[in-house]
Amino acid sequence: GYQRIRELKKPNLDSRQCFVAMWFTPEMEGVFNKAIKPAIEFIEPGETISRYKAVKIDNVEHVNDINDEIIAQIRRSRFMVCDLTGYRGGVYFEAGFAYGLGLEVIYTCRKDWTKEEILCDSAGNKIETLLDGTGKEIAIKKEGVHFDLAHRNRIEWVPDELEDFKTKLVNRIKAVIF
């Protein structure tokens, strides 16, 4: 019985799938297509196919409850790339689930999203409050990486240097996953 439990706890070492957890915005779609996906699907010199396939839930056709499909896709994966840009609660949930399964999680974040800060308009004026539909003030700020993950090693990237980001991610995958 205990041997079976140990087997169930092992990550999917034979899987070729990498689940990608990230914010769904047009800008981030570009980051996925130009850096994250090519890094995961990197083809080694002398090889004809990539070792891994990048899977992002908004690219998966399914008729399931979205949460059930996310959990199923994470369970099928060998590892995860988790981009913390945008302080998305779902991304943190997915990373925690993968971590709990024993999967390697490679964290990344756009450099200007790593620290908490007050937002500014184009003139440099601080935007500390907005008004909701009833005129009530809402305090706002840009959250940085949550303190539960702030101590984790991560690859920080900038939008104008996606080739550098891709190279760093390829190197991390080779060091940690291969």
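Here are legends for a few views of this predicted model.

**View 1. The whole protein and its elements.**
Start with the full chain: 5 helices and 9 strands make up the set of elements here. Going along the sequence, they come in the order α-β-α-β-α-β-α-β-β-β-β-β-β-α. The C-alpha atoms fit a box of roughly 60 × 40 × 35 Å along the principal axes. Contacts reach across the sequence too: of those with a separation of 6 or more, 69% join residues 24 or more positions apart.

**View 2. The largest nonpolar core.**
Now look inside, where 23 residues form the largest nonpolar core. Helix α2 (26-40) chips in with at least two of them, and so do β1 (17-21), β3 (79-83), β9 (154-157) and α5 (162-176). It's α2 that gives the most, with 7 residues.

**View 3. Around I36.**
Which residues touch the most other members of that core? I36 and I40 do. Setting aside neighbours within four places in sequence, I36 is in contact with V20, M22, V31, V81, F165 and L169.

**View 4. A second core.**
There's another nonpolar core, separate from the one above, with 22 residues. Among them are L84, A98, V105 and W113.

**View 5. The outside.**
Of the 178 residues, 36% count as buried. The protein exposes about 10,800 Å², and carbon and sulfur atoms supply 51% of that area. As for charge, there are 27 positive and 29 negative side chains. The centres of these two sets lie 7 Å apart.

Conventions. Residues numbered from 1 in each chain as written. Predicted model: local features only at pLDDT ≥ 70, side-chain atom pairs only at ≥ 80, totals over all residues. Heavy atoms only, no water. Core = buried A, V, L, I, M, F, W, Y, C linked by side-chain atoms within 4.5 Å. Buried < 20%, exposed > 50% of the residue type's maximum accessible area, 1.4 Å probe, protein only. Helix = DSSP H or I, 4+ residues; strand = E, 2+ residues; numbered from the N terminus. Contact = heavy atoms within 4.5 Å. Areas by Shrake-Rupley, 256 points an atom, 1.4 Å probe, with all protein chains shown as cover. Lys, Arg positive; Asp, Glu negative; His and termini not counted. Charge placed at Lys NZ, Arg CZ, Asp CG, Glu CD.
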